[in-house]
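Visitor: I am in my first year of studying proteins, and I would like to look closely at a single part of this one. Could you take me slowly through one pairing of charged side chains, and then through what surrounds the topic elsewhere in the chain?

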Amino acid sequence: MPEITRVGSVEIAVARDSYWEAAPAAHLRDLDNNEIPLEHFGPALRGGDPQTVIRSRVLTFVLRSKGKTILLDAGVGGWGLWRFGDGHLLDSLKELDVKAEEIDYVIPSHLHLDHIGWNTHPGPDGQPVITFPRARHLFHRADWNHFTDPGLYERAGNERLHKTVSTCLLPVKDAGLMDLVGSEQQVTDEVTILHTPGHTPGSVSILVQSAGESALFIGDLVHLCMQLTEPDWSPPYENDRIQSAKSRRRIVEEAVGRDALVAGSHLDEGPIFGRMVTLDGRRFWQGVPLPAE
Ligand SMILES: [Zn+2]
């Protein structure tokens with residue numbers, strides 16, 4: 001059954017790709033990159049055990065706005081690079097009856113593997129083939145500069161990162177299908193790219209506004225819902241944890257001010273969209289069910 005919602009006249013379909021999992025206590029650090037005392041998790045986790053693994057997912061979204069079809073994030077791909085196994089985005093698109101040739105824009109929230117994996121897929125000779133051949137691929141300039149700097153993977157000695165860049169990013173540029181975006185950019189007059197750096201230098205969120213309604217797609221600005229309650233918490237591999245906390249506070253304010261639907265690329269298993277609510281003076285992301293067909 002397709003998972004579809006609407007924001008004004010924008011249709012939003014969920015295309016599931018893969019999954020991941022982590023225990024909050026192992027996954028999150030405070031602003032100084034120190035472990036968070038277990039008892040501090042209580043309110044944000046609503047009494048849950050921070051050492052219990054939370055199963056999550058890798059989601060992408062297909063937006064239809066003003067005659068354009070926009071893919072937000074491109075999943076983990078089929079390159080054997082994701083530790084939880086290859087993704088299913090292409091099957092999910094088939095189920096939604098969306099053809100790869102229909103996609104006008106591919107907009108990754110940032111340039112980590114699990115958001116760019118299906119930019120390409122292995123051809124018969126194993127070489128990368130562009131998956132969405134008509135799409136303009138909009139990459140944030142700060143992420144492009146960061147991830148395509150050969151010094152980055154030479155310093156890190158990270159072969160997986162090297163392979164990700166050479167299979168999922170460089171072929172898009174070589175095919176002439178890449179546009180680099182700056183701080184804020186309009187895609188259609190209902191869809192805007194916001195620069196929300198921190199997780200990576202060029203992380204973006206997508207604001208959808210139509211007919212008085214709005215939604216925010218926040219990528220990996222948070223991995224677990226509790227980071228919207230505790231914006232100072234983030235994973236140890238955050239590029240700039242001070243900046244990512246600032247971006248989270250900004251987005252929480254935007255979401256509250258607009259009463260926007262908020263969806264992440266991952267988030268805890270359960271509802272896909274939610275709204276910010278205030279309980280006992282704290283803000284929580286609260287899931288909202290999809291409208292019935
Ligand atoms: Zn991710």
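Guide: Let us begin with glutamate 238 and arginine 248, whose side chains meet in a salt bridge with a distance of 3.5 Å from N to O. Please keep in mind throughout that this is a predicted model. Side chains of opposite charge can pair when their charged atoms come close. Glutamate 238 lies in the loop between α8 (226-229) and α9 (241-258), while arginine 248 lies in helix α9, so the pair ties together parts that are ten residues apart in sequence.

Are these two partners buried or exposed? Glutamate 238 has a relative accessible area of 8%, and because buried means under 20%, this glutamate counts as buried. Arginine 248 is buried as well, with a relative accessible area of 0%.

Helix α9 also contains glutamate 253, and the side chain of this glutamate meets that of arginine 283 in a salt bridge, at 2.7 Å from N to O. Here the linked parts of the chain are distant, since glutamate 253 sits in helix α9 and arginine 283 in strand β16 (residues 282-288), with their positions 30 residues apart in sequence. Glutamate 253 has a relative accessibility of 45% and is therefore partly exposed, and arginine 283, at 28%, is likewise partly exposed. If you set this beside the first pair, you will recall that glutamate 238 is buried and that arginine 248 is buried.

Salt bridges may also join into a group, and in this model Arg250, Glu254 and Arg258 are linked in a network of them. Another pair to find is arginine 6 with glutamate 11, where the closest N and O atoms of the salt bridge are 3.6 Å apart. Arginine 6 is partly exposed, at 48% relative accessibility, and glutamate 11 is also partly exposed, with a relative accessible area of 23%. A search of the whole structure finds 13 salt bridges, and those described here are among them.

For a view of burial in a strand, turn to β12 (residues 204-210), which is mostly covered, as six of its seven residues are buried. Strand β11 (residues 191-195) runs antiparallel to β12 and is joined to it by five bridges, with isoleucine 193 standing opposite isoleucine 206 of β12. Strand β13 (residues 213-217) also pairs with β12 in the antiparallel sense, over five bridges, and there glutamine 209 stands opposite serine 214 of β13. The hairpin of β12 and β13 has two residues between its strands, and in it alanine 211 takes a positive phi near 50°.

Terms used
Residues are numbered from 1 along each chain as its sequence is written. This is a predicted model: local features need pLDDT of at least 70, side-chain atom pairs count only at pLDDT 80 or more; totals for chains, interfaces and linings use all residues. Side-chain values use heavy atoms; hydrogens and water are left out. A salt bridge is a side-chain nitrogen of Lys or Arg within 4 Å of a carboxyl oxygen of Asp or Glu. Buried means under 20% relative accessible area, exposed over 50%, partly exposed in between (1.4 Å probe, protein chains only). Helices (H or I, at least four residues) and strands (E, at least two) are DSSP runs, numbered from the N terminus. Two strands pair if DSSP finds at least two bridges between them.
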